[in-house]
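Open the model in your viewer and keep the sequence panel beside it. The stops below say what to select and what is found there.

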Amino acid sequence: MAGSIEEVQKAKRLYMFIGLLLFFFTVVTVAVATVESLDFGGHGFDKVDAIIGLSIAAFKASLVMIIFMHLNHERPLVYFVYILGIVMAFFCIALIGWAKDDPIRYGNPNASDGFYNPDKPATRSVH
Amino acid sequence: MEIPFIVNVRKDTGLINSKVGIWLFLASEVTLFGGLFSGYLFLRLYADYPWPERALPVLPGLINTFVLIGSSVTVVFAWAALKMREWRKFQIYMSITLVCALIFMALKGIEYKAKFGHQAVQIDGDGPVQGHEIVEGHVHYAELDKDGQIHEVDKERKKEDGVFSANRIAFKASELSFVLTRPSHEAYVKEILKQAGDSHTITLKEAYRVINEDELYKGDLNRTELLESENALIADAGAELSTDVLDDLEDAYLDARSHDRKVRTKFLAASWDWIRDEEGIDEAATYVIEMDLWKERRKEDGEKLKIVTLGPVAEVTFTIDPPLTLVLKPGDLVKVSDVDIKLRDDTVAKGEMLPSPIIMGVDALDFRHTAQRAEAEELDPFPVIEQTWLLTHKAHHGDEEEGHDADHRNEFKKIWDCHMAWLKAETARLKTKGREPSMNDKFRVNWDQIIAYRDVNEELEYDAKMVYEYASDPDDDLVLYSSGLFDLKGFAGANHNEFDFPHLEIPRNKVGFESTFTPRWNTYYAIYFTITGLHGLHVIGGALVLGYYLFFGRKMYDSNPEWLANRVEIGGLFWHFVDLVWIFLFPILYLM
Amino acid sequence: MSADATDHHDDHHHVLPFWKKYLFSTDHKTIGIQYGLAAGAFLLFGFFLMIVMRWSIAYPHEPLPGYLSWMFTDGWKARWLDDGKVTGETYNMFGAMHGTIMVFLGVVPLGFAAFGNYVTPLQIGAPDMAFPKLNMASFWVYLAGGLLMCASFFMESGAAKSGWTNYSPLAGYADRQIVNQFLAGQTQWLIGLVLLITSSLLGAVNFITTIIQLRAKGLTWMRLPFFVWAMLVTGFLLLLAFPPLEAAGIMQLMDRVTGSSFFMPSGLYSATDSAPMDISGSGSPLLFQHLFWFLGHPEVYVLLLPAIACVAEIIPCNTRKPLWGYKPMVWAVIVLGFLSFIVWAHHMYLTGMGPVISTFFQTTTVLISVPSVILLTSMIISLWGGSIRFTMPMIWAAAFLPMFGIGGLTGLPLAFNLADLHLHDTYYVIGHFHYVVAPGILFGLFAGVYHWYPKMTGRFMDNFLGHLHFWPSLICMNLLFFPMLTQGMAGFHRRWYNGGEGYIEKGSEGVNVFGRTVAENISINEVMTGAAIALAIFQLPFLINMFISYFWGKKVTSDNPWGATTLEWATPTPPGHGNFTFDVAAYRGPYEYSRPDHDSDFFPQWEEPKRDAPVEEPAEKPEKEAPKA
C-alpha cells in the first residue's frame, strides 16, 4: 500500500479497531470451547464445535489478510497467486481424503456374481 | 548495474520486486503448512487410538494468541510510522513487536518443558483387550542400593551423582560381546566404563588373534601354528576394556577382512575368466550350463580359499568381574530378555535382568484406549476397566500396615470409584439438559479431578460417597483447577510441586509403551511439536529480520526512508502470515 | 555490440576479487554456469552408480571389473561388496542414490537452474535476476544439500537405501541401529532433501519475480520467448508442489530423529530385533506417498519443461521459420502446469485406492497428455517446410522429438489403472520414464549446451566431436532403454539386483511359466549393460569438446552467430556484468524468421523498425524508472 500520509493516518484507526476485533473473537473461540452454557452441539467436543472454531479462525484470518496484509489495496494479481495457493491446498487435501475413503468393493456379498469376495470361500476351484 | 523496481513500482504490474517475491513465498508457505495440516487432519481422522481432545492447558495458548495479534498490530503501526517518517515511533512499535516475539517463544518454552518432563506409560495387561490403560505423571528418582537393586530416593537429591530418573533398565552383566563389524562403539563403551568405575574390572576373555599376512605367504607354518605365532596376537586375554583396545581389535579385524575379500574377489574373477575362456558363451541357453560349471569350480576354489585367507573372528567377549549392574535408558536397548540384552550398536551383555520398575507420581488415569478396544470387541467397557492391572494390582506398602482388612483396594481403584461416583452425578446433571457425558468425561480422570476427589474429605482420603454428594449438589461444586482458567496452579499442566500425587511402581513387564510427552508418545504430540516447532522457527526468523530493520535500519532511513518502509512492509507481511498460521493452530491444537 | 562494447560497459565496475567473481558471485550467468558444472558432476556420478547397478544385473555372480571398482577403497569394498560382487543392500543404496541424484541433483538443477539462470534474464532483457543474493544462496544451499546426501556413502550406515521415493515405513526403519541418527545415511538424505527444497523454493521465487517484474520495455506476455514461458510455469510448479514434500520430509525426519510415528502404522514388527517396534504407531504410510507424489508428478514436468524450452528455441532458429503455434503452446504449457497438480495418485493405483478415485486420476492423467501432445506436435510441425540447418544443436533437438515421443506414448498404458496392475513396478515403467528423461530431456539439454555455448564462451563447440558424441549416444540409449519395455511386459521387477536370476532356476525345471518368460528375456541384460558402458565412453567426446572448445574452438564472428531473434543474442559475447550495453526494448514477437517484408531471414526482437516500414510500436510506451534518492 503506497498510500499518502493522510491515508496512513486514517488507516491507523482501522488497524486498532481490527486488532480489538481479533482479540474479541479470540475470546469468543475460547468461550465456545470451554464455557458449558456456550457449548453448541453435543456435550464436549464434536463436529459442531469444530465447524464453529474453524469458521471463527477463518474469519480472523481473512481480517488479517485483507486489512493487515493490505490485500484491500493490492492488484488482483496478488489475490490470484494467494487464492490459487489456498484453493490448491484445499483441493488436494480433499483429493487425499477421497483417495483414503474410496473403498474397494468386492462384488455382492449375498449373491455370487463371479467377483472375488474375500468374505466368502470361492465357489469354483481355481488352479 | 542496478536492478529496477526495488523502490518504485513497475507500472503495468503495480508492484515492487520484493512484494512479488514475498507473496510468492507466502503462497509456497501456504502449501507447506497445507501439507502439515493435511497431516494433522488425516492422522486424526484415521487414528486407531483415542485422539487427545483438548489435552493442552488453554491459558498459555490464549496468551500467545493475544501476544501475536498484538504484535501484528504494532508491526503495521511501525510501518505506518515509517511512512509518516516518525523514526522514534517506529522504534517504539518495532521494539514492542520484538518483545511480543520474545514472550511468545518464552511461553512456548515453558509449555515444551512441561511436556518433556511429563511421563506417560501404557500398561500391558491380560484379558480381552490387553489392558491398554494409560497413566500419566512425573517419574521419580532412584539410585542403586548395595545389592545393585533400584531404590527410590527423594526428589531433592536428583542432582546428586548416581541418582537417576526411575525409568531405567537395570541389568547385572557378567559378559559383554562387541561386534567388530560395527566401526564405532565409543558412546556405550564410555558409559559402561564410567558405571564400572574402579570396583569392577572388564577384561578380554580370550586372546584375540589374527593370522599375520606376511607369515601366511611365507608358507612355513600350518594354520594352527600361524594362529599361535607371536605376530598373530592382537590383544592378550585379560586386556582391560578401553576404547583404544577396541579400536586396535577393530582395525586388525577390518584389515584382515579387507585382505580376505580382496583374495576372494580375485578367485571369483579368475573363475569367471576360466568359464569365459574354456566354454564359449556364445552358444544358446548357456546360462544354466554356465552356472552349473561355475558352481563346481567354486567348490574347488572354496578349498583353496581356506588356505589363503586370514579368517578373522568378528566378535570379542569381555568378562566383568565382579558382575556389574548396568543402568541403561530403555531407548538404548533393542532387545531385552531375562539373560541377555542387546544395545543399539549390537553389543550384547549376558547376565541377569533385575527388577526395573518405572516409579512415578500419577496425575492422570486414562482408560479411553481400553474402552475403545473393549467396544471394538463388543464388550461393556466398565467391567473391562475394573479388571485392568492398574485397578487390581496389590500395592507394596500402605494398606497392610493399617491392619484392618476391610479395604483391599489400591489407591487407583479408590480414585476410580470416586470417579464413577462423580460420573453418576454428572450424567444425571447432564441428562436434565438433554446431554450425555463425553468419552473424556467417562474414561479419563484428569489431575485436577484426582486432587478434587482427595480434597473432598478432610482427612484427604478418597471418599466416593462425599464426591457423589458434592457433585450432585448444584450449590457445592468440586474444586477443579483446570476449569478455573486463570488459576495459575495448573498453568502448564499438573503441578507436582504444589500437589502430592499418588505413587505407582510399574513392573517392567507391565510396561507396554512408555514415553515422555514428546513426538514419540503419539501422533497428536508428533504433529503438535512439528507444527508449533516449525511455526516457532518462523517466529524467530521473522523476529531476526524485523530486529535487523530496527537496529540497523537507521542508515537506510537517512538515505532512503521509502526503501526501508518497503522492507518493513515486506517483513510485516511475513509477520502477519505467521500470526495467521497461529490463528488456525490455536483452535485446532488447544481447543479441538 | 562488439567486444569493445563490453569494455566500455565494464568501465564503471571495480574489479572483483577472484572468490567474489567466480565463487560467491551474485551474477546470474556465473551462478548458471556454477549450477551447470555442479549438476554435470552429479549427473556423471549418478551415471556411474547406474553402471555399477547394471553390472550387477547382467553379471550377478561376477566381481565388479577394475574399471568400475577402482574408485572404492579396500575397506569400502570389504564392507559393501561381497567378494567384489554387488550385494542386494549395496544395489539398493546405489539405486536410491541414482534416482535421487539424477532427479534432484542432476537434471532439475541443470535444466531449470543452470539454463534458467543463464538464459532467462538475457531473454527478457534484464540486467540480472530480481534477487541476486538470494540466487547465490540458492546455489550454495543446493550444493550443501547435495554433498551432504553423497557424503553418507562414506559413513557406517552407507547412503540412503529405501528407493528415491523413500517410502515409509521402510525409510522410517532403515538405519535404526545407528546410535546418532544424524550420522545415518537415511537421515542425511532427508536433511539434504530439505536443503534442496529450500534451494528450489528460493530459486522459484526469484525466477517468477524476475519474469513478472524485469521484462524489458515492449516485451509483453505474448512476446516472451517460449523458453521464458516454460521457466515461469516450471517456477510455479516448484513453488507450489515442493513444500508438501518438504512437510513430508520434516515429518519423516521427526520419525527418524525423535521416534514419532507420522508414517509408521501400528503393529510393526522388526525381524532383525525379533520384537515389536518400540513406537506408538497409528501413523499413515499412505500419507507419505500422497505428499511425495504431490511433488513427484509436477517434478516430472519440472524436469521436462526446460528441455522442451531449449528445443523450442533451437527449432525455429535452425528451420528459419517461426515456431508453429506459439500461442497454443503457451496455453498448453499453462494448462499442463495446472493439470500436473491433480494427477499424482496415478503412481498409487496399487495402494488400495478404490475404483472411483482411480477413475478420477486416470481421467486427469489422460487429459494431461493433450497439452503434452500439443507441445510436441507443434514442434514437429515447425519442421514442416523449413530450410533446416543441421547444426549441432539442431541434431540433438531433432533427436529429442522422436525419443521424447516414445517416452510419452509408452506412458499411456501406465495411465490406465487396469494396464498398470500388470506393469506397475516393472522395467516397463523404468523404460518409460528413462525414455522421457535420458534420450528425451538430456538430449534437449545437450542441444541447449551446444546452442548457448557460443554465447557463454565466444567459441563454437567442435562439430566432429559433437557427432562422435551424438550418434553413439543415440544408438546406445535405445539399446539400453528399449529392451526395458519388453522385459517389463514380461514381468521383470524393477528392483531385482540380480536381474531376475532367482527366478530362472525355478524356471529351468519347466514348472513355472513366469520362470520361463524370465529365462527368455534375461540374456538381453548383457546387451543393455554393454550399451550402458558404451554410452558412458561416448560421453567423453562431449567432456573433451567442452574443455578444448573453450580454449581452441572456432571463434564466433558476431554476437548473434546463429542468426537468432531473441534478446539474449543482443548482448556482448560473453555478456558482461549487467548484460546489455544499450537500452534494450522489444519491438516484436520472439520468432520473426523469414519475414517477407524484411531483408534478412531473421528480424531480431531488439531491432528498431525502419522509418518506412509499417509502424511497430512497443505495446506500451517505454517508461523510465524514477531516479533513486
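**Stop one: the domains of chain B**

Select chain B and colour it by its domain assignment: domain 1 covers 20–116 + 519–591, domain 2 covers 169–355 and domain 3 covers 374–516. Domain 1 is thus written as two segments of chain B. Keep in mind that this is a predicted model. Now place a marker at the centre of domain 1 and another at the centre of domain 2 of chain B, using C-alpha atoms; these centres are 54 Å apart.

**Stop two: where chain C meets chain A**

Next, show chain C and chain A together. Select the residues in contact: 17 belong to chain C and twelve belong to chain A. Between them, chain C and chain A bury about 1500 Å², and carbon and sulfur atoms account for 84% of that area. Then pick out C:H290, C:W344 and C:I357, which supply 26% of the area that chain C buries against chain A, more than any other three residues.

**Stop three: the chain C side**

Stay on the side of chain C that touches chain A and highlight α11 (285–319) and α13 (355–383), the elements of chain C that each give two or more residues to it. The largest share, five residues, comes from α13(C). Colour this side by residue type: 13 residues are nonpolar, four are polar and none is charged.

**Stop four: polar links across the interface**

How many salt bridges are there between chain C and chain A? The count is zero. Polar contacts do occur across the interface of chain C and chain A, with four residue pairs found, both residues at pLDDT 80 or more.

Technical notes:
Residues numbered from 1 in each chain as written. Chains lettered and ligands numbered in written order. Predicted model: local features only at pLDDT ≥ 70, side-chain atom pairs only at ≥ 80, totals over all residues. Heavy atoms only, no water. Domains from an automatic or database assignment. Contact = heavy atoms within 4.5 Å. Buried area = accessible area lost by both parts, 1.4 Å probe. Salt bridge = Lys/Arg side-chain N within 4 Å of Asp/Glu carboxyl O. Polar contact = N/O pair within 3.5 Å; in protein donor to acceptor, adjacent residues only side chain to side chain. Helix = DSSP H or I, 4+ residues; strand = E, 2+ residues; numbered from the N terminus. Nonpolar A, V, L, I, M, F, W, Y, C, P; charged D, E, K, R; others polar.
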